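Subject: Handing over the structure, with notes

Dear colleague,

I am passing this structure on to you, and I would be grateful if you could look through it with the notes below at hand. The notes begin with the protein chain as a whole and then turn to its surroundings and to a few single residues.

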Amino acid sequence: MTLDGDRFFARVYALVLEIPRGRVATYGQVAAMLGVPRGARAVGWALRALPATARVPWHRVVGAGGRISPRRGPGPDLQRRRLRAEDVGFRGGRVDMARHGVLAPRAV
DNA sequence: CGGTTGACTGTTT
DNA sequence: TAAACAGCCAACC
């Protein structure tokens, strides 16, 4: 990936890098914060293009309602593992957004 | 330039 | 409750 900070992908990575440990954001939230309210899908595309070597906490980005987006490979499983390692709670197979969402109050 | 693609999402069956 | 549909977006080819 280029280091061109103006590109959408780069902006996605920069923003994801700012998600605090133990918290998660949805694709839609990331897109909205970048000024593209309906660019959730594009965010997913950006994370997909992310090199395995990149130091971007992509696991902190989940689908609406705290769902782990299904895709081929160990991705989903790895994501759950990493989140779990950050004490992120799950409810009904989904991340407890009420407690770990980026916009959630620090209720813990 | 134009059709395709996919780690999305809300609505409708 | 689960599956299908239909818009949306940026990058790809």
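A residue is called buried here when its relative accessible area is under 20%, and exposed when that value is over 50%. By that measure, buried residues make up 41% of the 108 residues in chain A. Please keep in mind throughout that this is a predicted model.

**The chain as a whole**

Chain A has five helices and four strands, and when it is read along the sequence these elements follow the pattern α-β-α-α-β-α-β-β-α. The radius of gyration of chain A is 13 Å, close to the 13 Å that the globule rule gives for 108 residues, so the chain is as compact as a globular protein of that length. Taken along the principal axes, the box filled by its C-alpha atoms is roughly 35 × 30 × 20 Å. If one considers the contacts in chain A between residues at least 6 apart in sequence, 58% of them join residues at least 24 apart.

**DNA strand B**

There are 15 residues around DNA strand B, and of these Tyr27, Arg41, Arg48, Gly63 and Ala64 come nearest. Of the atoms of DNA strand B that come within 4 Å of the protein, sugar and phosphate account for 45%. Two side chains have polar atoms beside bases of this strand: for Tyr27, a polar side-chain atom lies 3.0 Å from a base nitrogen, and for Arg41, a polar side-chain atom lies 2.7 Å from a base nitrogen. Arg48, by contrast, has an N or O atom of its side chain 2.9 Å from a phosphate oxygen of DNA strand B. The elements that give two or more residues to the surface near this strand are α2 (27-33) and α3 (40-48), and the largest share, six residues, comes from α3. By class, the residues of that surface divide into seven nonpolar, five polar and three charged.

**DNA strand C**

DNA strand C is surrounded by Phe8, Phe9, Val36, Arg38, Gly39, Arg41, Ala42 and Trp45. Here sugar and phosphate account for 73% of the strand's atoms that come within 4 Å of the protein. The side chain of Arg41 has an N or O atom 2.7 Å from a base oxygen of DNA strand C, while in the side chain of Trp45 an N or O atom is 3.5 Å from a sugar or linking oxygen of this strand. Two or more residues of the surface near DNA strand C come from each of α1 and α3, with α3 giving the largest share, three residues. This surface has five nonpolar, one polar and two charged residues.

**The two sides of α3**

Helix α3 appears in both of the sections above, and which of its residues are buried? They are Val43, Ala46 and Leu47. These three cover an arc of only 95° around the axis, which puts them on the same side of α3. In general, an α-helix has 3.6 residues a turn, so residues three or four places apart point the same way. The buried residues of α3 pack against α1 (8-16), α2 and β2 (61-62), whereas on the other side of the helix Arg41, Trp45 and Arg48 are exposed.

**Two further residues**

His100 is found in helix α5 (residues 97-100), and because its relative accessibility is 7%, it counts as buried. A polar atom of the His100 side chain lies 3.2 Å from the backbone oxygen of Gly22, and the side chain of His100 also reaches the backbone nitrogen of Gly89 at 2.9 Å. Leaving aside neighbours within four places in sequence, His100 is in contact with Gly22, Arg23, Val24, Asp87, Val88, Gly89 and Val95.

Pro74 is found in the loop between β2 and α4 (75-85), and with a relative accessibility of 62% this residue counts as exposed. The C-alpha atoms of Pro74 and Trp45 are separated by 17 Å, the two residues being 29 apart along the chain.

With best wishes

Terms used: Residues are numbered from 1 along each chain as its sequence is written. Chains are lettered from A and ligands numbered from 1 in the order in which they are written. This is a predicted model: local features need pLDDT of at least 70, side-chain atom pairs count only at pLDDT 80 or more; totals for chains, interfaces and linings use all residues. Side-chain values use heavy atoms; hydrogens and water are left out. A residue is near a molecule or strand if one of its heavy atoms lies within 4 Å of it. A polar contact is a pair of N or O atoms within 3.5 Å; within protein, one must be able to donate a hydrogen and the other to accept it, and residues adjacent in sequence count only if both atoms are side-chain atoms. Ala, Val, Leu, Ile, Met, Phe, Trp, Tyr, Cys and Pro count as nonpolar, Asp, Glu, Lys and Arg as charged, and the others, Gly among them, as polar. Buried means under 20% relative accessible area, exposed over 50%, partly exposed in between (1.4 Å probe, protein chains only). Contact means heavy atoms within 4.5 Å. The arc is that of the directions from the helix axis to the C-beta atoms. The radius of gyration is taken over C-alpha atoms; the globule rule is 2.2 Å times the number of residues to the power 0.38.
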